[in-house]
Amino acid sequence: QVQLVESGGGLVQAGDSLRLSCALSGRAFSRTAMGWFRQVPGEEREFVAASSWRPDDIYYADSVKGRFTISRDDAENTAHLQMSSLKPEDTATYYCVAAPLSTAQRISVSRGYGIDHWGKGTRVTVSL
């Protein structure tokens, strides 16, 4: 079965950095677009970042541009989200998604709908 397992969440102070990881299993990674969403309880989920095997297929939400970096480790079938200059507004549960044979662009505009593969989430809390 396809599985996505996130890790790396935690409690940090504003201005700190954190790296999230998402390991994919049960599916070929090389032609799979990967992305991240985040959600606050009671609020709608929000797109954060996405990338694919295409070098120019990479997207970020305006709120995280310049602070977050998404990357892929093909050898480990793992996507990473390096988060820097964290703000309290970044506090949320972060979910990894996988979209086989799709694109990061599609993930970026999907709002999560139509994406079949989700991780269970990792919590990020940024204090003042």
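This passage walks through the disulfide, the nonpolar core, a buried serine and the ring contacts of a predicted model.

A good place to start is the disulfide, since a disulfide is a covalent bond between the sulfur atoms of two cysteines. The structure holds one such bond. It joins Cys22 and Cys96, whose sulfur atoms are 2.0 Å apart. The torsion about the S-S bond of Cys22 and Cys96 is about -85°, so this disulfide is left-handed. Cys22 belongs to strand 3 (residues 18-25) and Cys96 to strand 9 (residues 92-100), so the pair ties together parts of the chain that lie 74 residues apart in sequence. Both ends of the bond are hidden from the surface: Cys22 counts as buried because its relative accessibility is 0%, and Cys96 is likewise buried, with a relative accessible area of 0%.

Attention can now move to the nonpolar interior. The largest nonpolar core comprises 34 residues, and those with the most contacts inside it are Met34, Trp36, Leu81, Met83, Tyr94 and Ile107. Two or more core residues come from each of strand 3, strand 4 (32-39), strand 5 (46-51), strand 7 (68-73), strand 8 (78-83), strand 9, helix 1 (104-110) and strand 11 (122-127). Strand 9 gives the most to this core, with six residues. Leu81 offers a helpful view of the surroundings of one such residue. Leaving aside residues up to four places away in sequence, Leu81 touches Leu18, Arg19, Leu20, Trp36, Val48, Ala49, Phe68, Thr69, Ile70 and Tyr94. Two of these partners, Trp36 and Tyr94, are themselves listed with Leu81 among the core residues with the most contacts.

A polar residue provides a different kind of example. Ser52 is found in the loop between strand 5 and strand 6 (58-60). Is Ser52 buried or exposed? With a relative accessible area of 6%, Ser52 is buried, because the limit for that label is under 20%. The side chain of Ser52 makes a polar contact with the side chain of Asp57, at 2.6 Å. A polar atom of the Ser52 side chain also lies 3.2 Å from the backbone nitrogen of Arg54. When residues up to four places away in sequence are not counted, Ser52 touches Ala33, Asp57, Arg72 and Ala104.

The aromatic rings complete the picture. The model contains three aromatic pairs. In one of them, the rings of Phe37 and Phe47 have their centres 5.7 Å apart and their planes at 75°, so the pair is edge-to-face. Phe37 lies in strand 4 and Phe47 in strand 5, so this pair ties together parts ten residues apart in sequence. Both Phe37 and Phe47 are buried. Tyr95 and Trp118 form another edge-to-face pair, with 6.3 Å from centre to centre and 70° between the planes. This second example links distant parts of the chain, as Tyr95 is in strand 9 and Trp118 is in strand 10 (residues 117-118), 23 residues apart. Tyr95 counts as partly exposed at 21% relative accessibility, and Trp118 is partly exposed too, with a relative accessible area of 27%. Ring pairs link Phe37, Phe47, Tyr95 and Trp118 into a cluster.

Arginine side chains also meet aromatic rings. Arg45 lies over the face of Tyr113, at 4.5 Å from the ring centre. Arg72, a residue touched by Ser52, lies over the face of Phe29, at 4.3 Å from the ring centre.

Definitions and conventions
Residues numbered from 1 in each chain as written. Predicted model: local features only at pLDDT ≥ 70, side-chain atom pairs only at ≥ 80, totals over all residues. Heavy atoms only, no water. Disulfide = S-S within 2.5 Å. Helix = DSSP H or I, 4+ residues; strand = E, 2+ residues; numbered from the N terminus. Buried < 20%, exposed > 50% of the residue type's maximum accessible area, 1.4 Å probe, protein only. Core = buried A, V, L, I, M, F, W, Y, C linked by side-chain atoms within 4.5 Å. Contact = heavy atoms within 4.5 Å. Polar contact = N/O pair within 3.5 Å; in protein donor to acceptor, adjacent residues only side chain to side chain. Phe/Tyr/Trp six-rings, centres within 6.5 Å; stacked < 30°, edge-to-face > 60°. Lys NZ or Arg CZ within 6 Å of the ring centre and 35° of its normal.
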